[in-house]
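Good morning, colleagues. Please take a moment with the sequence and the model on the screen, and then I shall take you through a few of the features.

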Amino acid sequence: MANGQLKPLMVTTPEPVVGFDAPTANDLGKDRLNKLVGWTGIAGPDDLPDDVAANWGEWMAAATQDAKFNETMSARGSVIELMDPEEANAFIQGQYTIFRDLVDELGMRIEG
């Protein structure tokens, strides 16, 4: 990172990430790692009233289109992508499957 506190080994995005002086997984011949992403989302309960959900969606759209927000988040290595609830749910389920399969492939287990 530009502040010198961390030395990233690679990024798992197909393209380089602004602010990270690191090769991509593709550069290192590890394109399967593109499936492993860190992500953040904001979610509400299933029974959220339609008007509240609509307002929330408008607020999220405005936030993700704000130049200062995008500049600040991109400088920290974030890739901003606004998803509707169906897209977000599909993404989350896909991530769950990817990580579950990786844990199984590596033989990782939680022991109590």
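On the surface of this predicted model, L9, M10 and L28 come together as a nonpolar patch, and their accessible area adds up to about 310 Å². Of these three residues, let me take L9. Its place in the chain is the segment before α1, the helix that spans 50-65. How accessible is L9? Its relative accessible area is 73%, and since the threshold for exposed is over 50%, L9 is classed as exposed.

I remain with the segment before α1 for two further residues. T13 is found there, and its relative accessibility is 19%. Because buried means under 20%, T13 falls in the buried class. The side chain of T13 has a polar contact as well: the partner is the backbone oxygen of E15, at 2.6 Å.

F20 belongs to the segment before α1 too. With a relative accessible area of 23%, F20 is partly exposed. F20 and K7 are 13 residues apart along the chain, and 8.6 Å separates their C-alpha atoms.

Let us turn to the salt bridges. How many does the structure hold? There are two. One of them joins the side chains of E105 and R32, with an N to O distance of 3.0 Å. This pair connects distant parts of the chain, for E105 sits in helix α3, residues 85-106, whereas R32 sits in the segment before α1, 73 residues away. Are these two partners buried or exposed? Both E105 and R32 are exposed.

R100 and D101 form a salt bridge as well, and here the closest N and O atoms are 3.7 Å apart. The relative accessibility of R100 is 36%, so this residue counts as partly exposed. D101, at 40%, is likewise counted as partly exposed. As a general remark, side chains of opposite charge can pair when their charged atoms come close.

Next, helix α2. Which residue caps the N-terminal end of this helix, residues 67-75? The cap is D66, which places a side-chain oxygen 3.2 Å from the backbone nitrogen of K68. After α2 comes G77, and the phi of G77 is positive, near 90°.

Within helix α2 we find M73. M73 has a relative accessible area of 26% and is therefore partly exposed. Between the C-alpha atoms of M73 and A63 the distance is 11 Å, and the two residues are ten apart along the chain.

I come finally to the open space in the model. Rolling a probe the size of a water molecule over the atoms shows where empty space is left. The largest pocket holds about 1700 Å³. Its lining comprises 44 residues, and those closest to the pocket centre are W39, T40, G41, I42 and E81.

Which helices contribute to this lining? At least two residues come from each of α1, α2 and α3. Helix α1 provides the largest share of the lining, namely eight residues.

To draw the main points together, the surface carries a nonpolar patch of L9, M10 and L28. The salt bridge between E105 and R32 links helix α3 with the segment before α1. The largest pocket takes lining residues from α1, α2 and α3. Thank you for your attention.

Terms used:
Residues are numbered from 1 along each chain as its sequence is written. This is a predicted model: local features need pLDDT of at least 70, side-chain atom pairs count only at pLDDT 80 or more; totals for chains, interfaces and linings use all residues. Side-chain values use heavy atoms; hydrogens and water are left out. Patches are made of residues with over 30% relative accessible area and no salt bridge: like charges are joined within 9 Å, nonpolar side chains (Val, Leu, Ile, Met, Phe, Trp, Tyr) within 5 Å. Accessible areas come from the Shrake-Rupley method with a 1.4 Å probe; for residues, only the protein chains shown count as cover. A salt bridge is a side-chain nitrogen of Lys or Arg within 4 Å of a carboxyl oxygen of Asp or Glu. Helices (H or I, at least four residues) and strands (E, at least two) are DSSP runs, numbered from the N terminus. Buried means under 20% relative accessible area, exposed over 50%, partly exposed in between (1.4 Å probe, protein chains only). A polar contact is a pair of N or O atoms within 3.5 Å; within protein, one must be able to donate a hydrogen and the other to accept it, and residues adjacent in sequence count only if both atoms are side-chain atoms. On a 1 Å grid over the protein atoms alone, a cavity is a set of points where a 1.4 Å probe fits but cannot get out, and a pocket is an open set with protein on both sides within 12 Å along at least five of seven lines; lining residues have an atom within 4 Å of a point. Grid points are joined across faces, edges and corners, and a volume is the space filled by probe spheres set on the points.
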